[in-house]
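Okay, thanks for making room on the agenda. Let me put the thing on the screen, and then I'll walk you through it.

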Amino acid sequence: MHNILTKEDLEALQREYDYRNTTLRAEIAREKMVAAAHGDRSENAEYIAAKQRYYENNRRLGYLRRMIRTSKVADDVNIDECNIGDKILIEFIEDSENQEITLTTTLKSNPMEWFIGVESPLGAAIYKKKVGSTCVVSSPEGDYTIKILKII
């Protein structure tokens with residue numbers, strides 16, 4: 001599976017990875033070394049906290065590595081298609097309700113604010129579709145139909 005990201009998102013992930021892998025890793029190593037010099041490690045709160053930071057940093061590095069390795073940069077923008085960053089007015093056919101959404105990458109998705117990621121069921125259904133298209137969205141709650149009314 002590919003994570004569809006913008007070039008800026010991918011660069012931001014790479015910057016965070018580089019920072020965590022060099023600067024932050026060195027800081028944490030120094031903290032662990034200083035804390036370990038204070039004596040008994042089993043009851044040394046500073047050492048335990050530094051060790052916890054070390055493991056959290058490694059988990060985040062693993063996540064960043066996977067995101068970078070599996071990412072795909074979004075294709076060039078076509079004006080008459082729904083693309084990342086577009087505000088789109090859709091109609092839920094069954095309810096006859098309209099909703100304005102913003103199509104985003106997974107990193108910036110926030111369904112509560114109607115920022116819909118392109119990997120979500122709704123985002124995947126409308127990504128690269130033209131205005132006027134009717135799409136069936138397959139979601140865990142069941143299938144529903146939407147119509148793309150316009151790109152704002």
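**Starting at strand 6**

Strand 6 has two faces: C135, V137 and S139 sit on the covered one, while T134, V136 and S138 are on the uncovered one. Before I go on, the small print. This is a predicted model, where local features need pLDDT of at least 70 and side-chain atom pairs count only at pLDDT 80 or more, while totals for chains, interfaces and linings use all residues. Residues are numbered from 1 along each chain as its sequence is written, and side-chain values use heavy atoms, with hydrogens and water left out.

When I say helix or strand, I mean DSSP runs numbered from the N terminus: H or I over at least four residues for helices, E over at least two for strands. Two strands pair if DSSP finds at least two bridges between them.

So, who does strand 6 talk to? A hairpin takes you from strand 6 to strand 7 through two residues. The two run antiparallel, joined by six bridges. S138 stands opposite D143 in strand 7, and C135 has I146 of strand 7 as its bridge partner.

Now zoom out. What is the strand order in the open sheet? The order is 5-4-3-7-6, five strands with mixed pairing. Strand 5 (115-117) and strand 6 (134-139) are the edges, each pairing on one side only. From one strand to the next, the twist averages 45 degrees.

Next, strand 3, residues 87-92. On one side, strand 3 pairs with strand 4 (residues 97-104), antiparallel, over six bridges. I88 there is bridged to I101 in strand 4. Those two strands make a hairpin with four residues between them, and S96 in the turn has a positive phi of about 55 degrees. Strand 3 also pairs with strand 7 (residues 142-151), again in the antiparallel sense, over five bridges. Here F92 has I146 in strand 7 as its bridge partner.

F92 brings me to the rings. Rings of Phe, Tyr and Trp (its six-membered ring) pair if their centres lie within 6.5 Å; planes under 30 degrees apart are stacked, over 60 edge-to-face, and the rest tilted. How many aromatic pairs does that rule give? Three. One pair is F92 with Y144, tilted, at 5.9 Å centre to centre and 45 degrees between the planes. F92 lies in strand 3 and Y144 in strand 7, so the pair ties together parts that are 52 residues apart in sequence. Add W114, and ring pairs link F92, W114 and Y144 into a cluster.

Are F92 and Y144 buried or exposed? For cut-offs, buried is under 20% relative accessible area, exposed is over 50%, and partly exposed is in between (1.4 Å probe, protein chains only). F92 is buried at 13%, whereas Y144 is partly exposed at 22%.

Last stop, the helices. Helix 1 (residues 7-36) and helix 2 (residues 45-69) have axes that come within 9 Å and cross at roughly 160 degrees. Axes are lines fitted to C-alpha atoms, for helices over the stretch in contact, and angles run from 0 to 180 degrees between N-to-C directions. The helices are therefore roughly antiparallel to each other (under 35 degrees is roughly parallel, over 145 roughly antiparallel, 65 to 115 roughly perpendicular, the rest oblique). By class, their contact has 14 nonpolar, four polar and 11 charged residues. Nonpolar here is Ala, Val, Leu, Ile, Met, Phe, Trp, Tyr, Cys and Pro; charged is Asp, Glu, Lys and Arg; the others, Gly among them, are polar.
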